[in-house]
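Hi,

Here is the structure I promised to pass on to you. Please have a look at it first, and then read on for what turned up.

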Amino acid sequence: MTEESSLLAALKQGNKKAFSLLFKTYYRDMVLFGGSILPEQTVCEDIVQSVFLKLWNDHSALDIQSSLKAYLLKAVRNGCLDELRHRRIMDDHISSYTHSILEDIDTENYILYSDLLQQLTNALEKLPANYRRAFEMNRFEGLKYKEIADQLQVSERTVEVRISKALELLREHLKDFLFLFPGFF
């Protein structure tokens, strides 16, 4: 039995030291690998931490057929690709939203809406990743709490709390613009 397989067996039993050792062994490599897909180190660190959190949360049900490193690399790659898809959806949404607004407003209001969109983008980027993702899945992708919970593999209550917290933080950050979005926040 290799050291990795014995650590994996210990992890399946809930051994925190085994998890800690696996984290220390693979964390840096996983962040560097994520950096080959995404340029922002902090985003890569968040993704890798999420992968390890899922590994710990699901430790008793682990069924890794390949090596643990291959499993982690695939999970990090998928997390990075999800982030890229998320960014594309956000760009598309903001672009289409901007286009629809610009059709309906005059030049005087353009500056207000342009500033608003920048403030909204900034506010969304400041949200913790899990709050932001749940909020965007609900508001921009039109998913129900149950669908979000299934995709994120969390409870509906967790989705509800995340969206509620996201709304609270967005209301605070966008307090000067709330009159433009009745019912959105």
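A good place to start is F23, which counts as partly exposed because its relative accessibility is 27%. F52 is at 1%, so this residue counts as buried. Before you go further, please keep in mind that this is a predicted model.

Why start with those two residues? F23 and F52 form an edge-to-face pair, because their ring planes stand at 70 degrees, with the ring centres 4.9 Å apart. The pair also ties together distant parts of the chain: F23 sits in helix α2 (residues 16–35) and F52 in helix α3, 29 residues apart. Both belong to a cluster in which ring pairs link F19, F23, Y27, F52 and W56.

The structure holds six aromatic pairs. Another of them is F135 with F140, also edge-to-face, with 5.9 Å from centre to centre and 80 degrees between the planes. F135 has a relative accessible area of 0%, so F135 is buried. F140 is at 14%, which is under the 20% limit, so F140 counts as buried too.

Now back to α2, which is worth following from end to end. This helix has 20 residues, and the distance from its first C-alpha to its last is 27 Å, close to the 28 Å expected at 1.5 Å a residue. Where does α2 have its kink? The kink is centred on Y26 and amounts to about 40 degrees. Y26 is also one of the buried residues of α2, which include A18, F19, L22 and Y27 as well. Further along the helix, M30, V31 and G34 are buried.

Finally, the pocket. The largest one has a volume of about 1,700 Å³. Of the 44 residues in its lining, S50, G79, D82, R133 and L152 are the closest to the centre. Elements that give two or more residues to this lining are α3 (41–57), α4 (68–104), α5 (107–126), α6 (129–139) and α7 (145–152). Which of the elements gives the most? That is α4, with 14 residues. By type, the lining of the largest pocket divides into 17 nonpolar, eleven polar and 16 charged residues.

If you open the model, you could begin at the F23 and F52 pair, follow α2 to the kink at Y26, and then turn to the lining of the largest pocket, where α4 gives the most residues.

Best wishes

Methods. Residues numbered from 1 in each chain as written. Predicted model: local features only at pLDDT ≥ 70, side-chain atom pairs only at ≥ 80, totals over all residues. Heavy atoms only, no water. 1 Å grid on protein atoms, 1.4 Å probe; cavity = no way out; pocket = protein on both sides within 12 Å on 5 of 7 lines; lining within 4 Å. Points joined across faces, edges and corners; volume = space filled by probe spheres on them. Helix = DSSP H or I, 4+ residues; strand = E, 2+ residues; numbered from the N terminus. Nonpolar A, V, L, I, M, F, W, Y, C, P; charged D, E, K, R; others polar. Phe/Tyr/Trp six-rings, centres within 6.5 Å; stacked < 30°, edge-to-face > 60°. Buried < 20%, exposed > 50% of the residue type's maximum accessible area, 1.4 Å probe, protein only. Expected span 1.5 Å × (residues − 1). Bend = angle between axes of the 7 residues up to and from the residue.
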